[in-house]
Amino acid sequence: MSNFKNIVPKRSYLERGQPKHRLHLGELEKKVDYGKRREIYKKKKKIENVLKEKVMTKNPDEFHTGIVHSRITDNNILVKEKKVIKPEIQLKYKRNELIQKTNYLYNKLKKINKKISNYQINIPLRYIFNNSHELYNEDQIYTLKAENKKLRKKGECIQKEYNSLINAKNNILDNIRKLDNKYATTYRNIDGYKIINDKGKIPYRFYAPRLK
């Protein structure tokens, strides 16, 4: 009998749909929707219960740091005081930011230098120097040229990529120089450090004080 039970098709019971005259109110809530709504409701209820317990067990005479750093006006408005950071700590934060930026740029520069070295080592000579290159011996001069159009196009593309890498390298070096100058200005008139200005009045070097 158990085998026959599995063979006979069973009726699939569908959930009731919304009647036509009530379609303007939206679809009926199904079991899946109810399950999701129930979970959300339970989570909210748990949070409410925890907050209620905190309110009930709160001590009105308890000390809090907000009492020191805030005050209430006559209109019952809470005003918080801003934290005052010492200039020494501000300088420390500024220097750390500049160091992080310079380290990031140095890592970027390493990657670009690696790419440039790969271009110089792995690419044949006929793809560089406008698709031609000369080799000098004692008596004769040999010229290597790209004869096919495909090789010429490839050589031009490689040359553009190579030039873009060199430009990126120069830009990174300029940014590193600027960050170094900013870092040097943080030591101006502090701890006996001396800064030497360039022609354009940009600090580029600073010396530590001599030990007495």
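# Q&A on a predicted model

The chain in this predicted model exposes about 20300 Å², and carbon and sulfur atoms supply 54% of that area.

User: Let's start simple. How many helices and strands does the chain have, and in what order do the elements run from the N terminus?

Analyst: The secondary structure comes to five helices and six strands. Reading from the N terminus on, you get the order α-α-α-β-β-α-β-β-α-β-β.

User: What share of the chain's residues is buried?

Analyst: A residue goes into the buried group if its relative accessible area is under 20%. The chain has 212 residues, and the buried ones make up 14%.

User: Okay, and which residues make up the largest nonpolar core?

Analyst: This core has twelve residues in all. Helices α4 and α5 (149–185) each supply at least two of them. The full list is Leu98, Leu105, Leu109, Ile112, Ile116, Tyr119, Ile158, Tyr162, Leu165, Ile172, Ile176 and Leu179.

User: Leu98 is on that list. Which residues does Leu98 touch, not counting residues up to four places away in sequence?

Analyst: Touching here takes heavy atoms within 4.5 Å. Leaving out residues up to four places away, Leu98 touches Leu179, Lys182, Tyr183 and Thr186.

User: Is Thr102 buried or exposed?

Analyst: Thr102 is found in helix α4. Its relative accessibility is 11%, and the cut-off for buried is under 20%, so Thr102 counts as buried.

User: Which residues does Thr102 touch, again not counting residues up to four places away in sequence?

Analyst: Let's look along the chain: Thr102 and Ile172 are 70 residues apart, yet their C-alpha atoms are separated by 9.7 Å. As for touching, with residues up to four places away set aside, the partners of Thr102 are Leu179 and Asp180.

User: The side chain of Thr102 has a polar atom. How far is that atom from the backbone oxygen of Ile99?

Analyst: A polar contact needs N or O atoms within 3.5 Å. The backbone oxygen of Ile99 and the polar side-chain atom of Thr102 fit that, with a distance of 2.6 Å.

User: Let's stay in helix α4. Is Lys111 buried or exposed, and how far is its C-alpha from that of Lys169?

Analyst: Lys111 lies in α4, which covers residues 87–122. Its relative accessibility is 59%, so Lys111 counts as exposed. In sequence, Lys111 and Lys169 are 58 residues apart, while from C-alpha to C-alpha the gap in space is 9.9 Å.

User: What share of the contacts with a separation of 6 or more comes from residues 24 or more positions apart?

Analyst: Start with the contacts in the chain that have a separation of 6 or more. Among those, residues 24 or more positions apart account for 40%.

User: How many salt bridges are there, and which side chains meet in them?

Analyst: Side chains of opposite charge can pair when their charged atoms come close. The cut-off is a nitrogen-to-oxygen distance within 4 Å, and the count comes to two salt bridges. One joins the side chains of Arg37 and Glu29 at 2.7 Å, and at 3.9 Å there is the pair Glu48 and Lys45.

User: Where do Glu48 and Lys45 lie?

Analyst: Glu48 is partly exposed at 39% relative accessibility, and Lys45 is partly exposed at 35%. They sit three residues apart, about one turn of the helix, and both lie in helix α2 (residues 31–56).

User: How exposed are Arg37 and Glu29?

Analyst: Partly exposed is the class between 20% and 50%. Arg37 has a relative accessible area of 48%, so it is partly exposed. Glu29 is partly exposed too, with a value of 43%.

User: Which residues make the nonpolar surface patch of about 330 Å²?

Analyst: One member, Ile67, is found in helix α3 (residues 66–69). The patch is made by Phe63, Ile67 and Val68.

User: Next, strand β1. Which residues is Ser70 in contact with, leaving aside neighbours within four places in sequence?

Analyst: Ser70 is found in strand β1 and is buried, with a relative accessible area of 18%. Beyond its neighbours within four places, its contacts are Leu78, Val79 and Lys80.

User: Last one: what is the phi of Asn76?

Analyst: Asn76 has its place in the loop between β1 (70–72) and β2 (78–80). At 67% relative accessibility, Asn76 counts as exposed. Although Asn76 is not a glycine, its phi is positive, at about 60 degrees.

Notes: Residues are numbered from 1 along each chain as its sequence is written. This is a predicted model: local features need pLDDT of at least 70, side-chain atom pairs count only at pLDDT 80 or more; totals for chains, interfaces and linings use all residues. Side-chain values use heavy atoms; hydrogens and water are left out. Helices (H or I, at least four residues) and strands (E, at least two) are DSSP runs, numbered from the N terminus. Buried means under 20% relative accessible area, exposed over 50%, partly exposed in between (1.4 Å probe, protein chains only). Accessible areas come from the Shrake-Rupley method with a 1.4 Å probe; for residues, only the protein chains shown count as cover. Patches are made of residues with over 30% relative accessible area and no salt bridge: like charges are joined within 9 Å, nonpolar side chains (Val, Leu, Ile, Met, Phe, Trp, Tyr) within 5 Å. A nonpolar core is a set of buried Ala, Val, Leu, Ile, Met, Phe, Trp, Tyr and Cys residues joined through side-chain atoms within 4.5 Å. A polar contact is a pair of N or O atoms within 3.5 Å; within protein, one must be able to donate a hydrogen and the other to accept it, and residues adjacent in sequence count only if both atoms are side-chain atoms.
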